[in-house]
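Hi there,

Here is the structure I promised to pass on to you. Have a look at it first, and then read on for what turned up.

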Amino acid sequence: MRMSRRPVEPGSTVNERGLTAVSGDQVALPDPDRLIHLQFRRFAGCPVCNLHLRSVIRRHREIEAAGVREVVVFHSPAEELVRHTTDLPFAVVADPARRLYAEFGVERSPRALLSPRAWGPIVRAVLSGAWKVVRGQEHLPSADPHGGRLGLPADFLIAQDGRVLAAKYGEHVYDQWSVDELLELAAHAVRKPGTHGVGR
């Protein structure tokens with residue numbers, strides 16, 4: 001059942017804190033110089049997550065040029081994430097205790113996998129991921145991933161002062177902002193920096 005109100009919505013304010021990426025780098029949230037696209041994914045090596053993140057990698061220069069820093073959160077331990085994320089051009093944060101997930105209201109649900117809208121992306125992700133594993137470009141995920149397989153994605157665009165400009169809670173495993181949607185939201189924030197943005 002979908003909640004009528006989420007804990008973090010456009011107009012909410014995110015408390016300042018520092019996050020530690022699996023690379024060891026420190027990530028300021030909010031970032032005083034850039035917008036942050038905080039995206040919640042699932043487990044290390046998740047094929048559907050990888051399918052989406054490849055689109056982010058392909059257009060990462062565009063995203064940076066739009067003044068956006070990518071920060072991606074997984075509910076796997078750092079030691080599991082490292083082997084899957086060493087070549088990613090953005091910060092990856094491990095949250096195995098799901099503290100950030102709880103704070104931002106990011107849920108788990110059987111609909112993550114059972115929604116018919118997820119089936120096409122799941123098939124594409126498995127086929128593409130299998131080919132990349134065979135070629136040595138990706139690693140297989142754990143057979144029993146930490147935190148399970150029923151996580152739902154979520155996206156937040158956070159301004160330099162901590163205001164949430166836009167938020168999206170996914171209805172199934174592949175329900176997130178596309179890069180085009182992210183860039184549109186970032187452009188809106190630049191055009192109207194004093195507004196609260198829009199939720200999607």
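Before the details, one cut-off: a residue counts as buried when its relative accessible area is under 20%. Please also keep in mind that this is a predicted model.

That cut-off applies directly to Ala159. This residue sits in the loop between β6 and β7. Is Ala159 buried or exposed? Its relative accessible area is 4%, and because that falls under 20%, Ala159 is buried. As for what surrounds it, Ala159 is in contact with Pro30, Leu35 and Leu165, if its neighbours within four places in sequence are left aside. There is also a long-range pair here: Ala159 and Arg34 are 125 residues apart along the chain, yet their C-alpha atoms are separated by 7.2 Å.

Now to the chain as a whole. It holds 7 helices and 7 strands, and their order from the N terminus is β-β-β-α-α-β-α-β-α-α-α-β-β-α. The chain has 200 residues, of which 48% count as buried. If you take the contacts between residues at least 6 apart in sequence, 69% of them join residues at least 24 apart.

The sheet

Five of the strands make up an open sheet with mixed pairing, in the order β5-β4-β3-β6-β7. Its edges are β5 (91–94) and β7 (164–169), each of which pairs on one side only. On average, neighbouring strands in this sheet are turned by 15° against each other, direction ignored.

Here is how some of the strands pair:

- β3 (residues 35–40) and β6 (residues 154–158) run antiparallel and are joined by 5 bridges; Ile36 stands opposite Ile158 of β6.
- β3 and β4 run parallel, with 6 bridges between them; His37 faces Glu70 of β4 as its opposite residue.
- β4 and β5 are also paired in the parallel sense, over 4 bridges; Val73 has Val93 of β5 opposite.

As a reminder, strands of a sheet pair through backbone hydrogen bonds, either parallel or antiparallel.

How many residues of β4 are buried? The count is 7 of its 7 residues. Both faces of the strand are covered, with Val68, Glu70, Val72 and Phe74 buried on one side and Arg69, Val71 and Val73 buried on the other. In a regular strand the side chains alternate between the two faces of the sheet. Charged residues appear in both of these β4 sets, namely Glu70 in one and Arg69 in the other.

Two helices can be placed against this part of the sheet. Helix α1 (residues 47–58) packs on the sheet and touches β3 and β4 (68–74), with its direction at about 165° to that of β4. Helix α3 (residues 78–85) lies across β4 and β5 and runs at about 155° to β5.

Cavities and a pocket

You will probably want to look at the enclosed spaces too. There are 2 cavities of 30 Å³ or more.

The largest cavity encloses about 40 Å³. Its lining consists of Arg6, Gly105, Val106, Glu107, Arg111, Leu152, Pro153, Tyr169 and Gly170. By class, that gives 4 nonpolar, 2 polar and 3 charged residues.

The second largest cavity has about 30 Å³ of space. Which residues line the second largest cavity? They are His37, Gln39, His52, Val56, Ile63, Glu70, Trp177, Ser178, Val179 and Leu182. The elements that contribute two or more residues to this lining are β3, α1 and α7 (179–191). In terms of class, the lining has 5 nonpolar, 4 polar and 1 charged residues. His37 and Glu70, both part of this lining, are the opposite residues mentioned above for β3 and β4.

Finally, the second largest pocket holds about 210 Å³. It is lined by 17 residues, and those closest to its centre are Leu88, Pro89, Phe90, Ala91 and Val92. Two or more lining residues come from each of α2 (60–65), β4, α3 and β5. Sorted by class, the lining has 8 nonpolar, 4 polar and 5 charged residues.

Have fun with it, and all the best!

Methods
Residues are numbered from 1 along each chain as its sequence is written. This is a predicted model: local features need pLDDT of at least 70, side-chain atom pairs count only at pLDDT 80 or more; totals for chains, interfaces and linings use all residues. Side-chain values use heavy atoms; hydrogens and water are left out. Two strands pair if DSSP finds at least two bridges between them. Axes are lines fitted to C-alpha atoms, for helices over the stretch in contact, and angles run from 0 to 180 degrees between N-to-C directions. Contact means heavy atoms within 4.5 Å. On a 1 Å grid over the protein atoms alone, a cavity is a set of points where a 1.4 Å probe fits but cannot get out, and a pocket is an open set with protein on both sides within 12 Å along at least five of seven lines; lining residues have an atom within 4 Å of a point. Grid points are joined across faces, edges and corners, and a volume is the space filled by probe spheres set on the points. Buried means under 20% relative accessible area, exposed over 50%, partly exposed in between (1.4 Å probe, protein chains only).
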